[in-house]
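Student: I should like to look closely at a single part of this model. Could you please choose one and explain how it relates to its surroundings?

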Amino acid sequence: MNSMLIQGMRSALLRPEDEVVSLGEVANIEPVFEKEMVMLSVASYEFRLLIMIYFDRDPATLAHFAGKTRLSAEAMDNRMFDDAISECGNLCCGTFNRELGRAFTHIGMSTPNIIDSRCAEHLTLLKYGHLQHFELLLQSGVRFRLSMCVCEYKDLDFELDTPAVAETTGELEFL
């Protein structure tokens, strides 16, 4: 699952020169600089996968997402920023949804929710089977942290053949 998450992050949030660092499976991640997070989920009858992207609305982060929307940082308001970071989260979760849909029936994605990052303190209340934290270090100086939490409702045993190159979706080609 970690490799699918890294693949999703690379396609949605990162450039090839950016770095992904695993922070391990510590029970809790303390908000260091992030005040907010986008929480997304992919779920079926057999499991629930939560992805949390922690962020702060500092000038570098605003500029990063403005660049993804082809706007200037000055032109991006809070609603546009929320839409941009939520859409990047959706693209990351879309990788999971697509790949896990090959092994599980009745799978779906949630609508992204932007909430206070201190809500992550409650992850320990979930009876999770897998919890992994990552730090994303972008060449532009922007930092994100990301958590993945998997709660199983029964034993999960599956294999996924993840492609080496991420599939792209949602792009239009004009001829």
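Tutor: The account below follows helix 2 and the loop after it. This is a predicted model, in which local features need pLDDT of at least 70 and side-chain atom pairs count only at pLDDT 80 or more, while totals for chains, interfaces and linings use all residues. Residues are numbered from 1 along each chain as its sequence is written, and side-chain values use heavy atoms, with hydrogens and water left out.

Helices (H or I, at least four residues) and strands (E, at least two) are DSSP runs, numbered from the N terminus. Within helix 2, the residues T61, L62, H64, F65 and A66 are buried, where buried means under 20% relative accessible area, exposed over 50%, and partly exposed in between (1.4 Å probe, protein chains only). These buried residues pack against helix 3 and strand 7 (143–152); contact here means heavy atoms within 4.5 Å.

A nonpolar core is a set of buried Ala, Val, Leu, Ile, Met, Phe, Trp, Tyr and Cys residues joined through side-chain atoms within 4.5 Å. F65 is among the residues with the most contacts inside the largest such core, which has 35 residues. Helix 2 and strand 7 are among the elements that each supply at least two residues of this core, and helix 3 gives the most, with 8 residues.

After helix 2 comes R70, in the loop between helix 2 (59–69) and helix 3 (78–100). Most residues other than glycine have a negative phi. R70, although not a glycine, has a positive phi of about 65°. This residue is exposed, with a relative accessible area of 79%.
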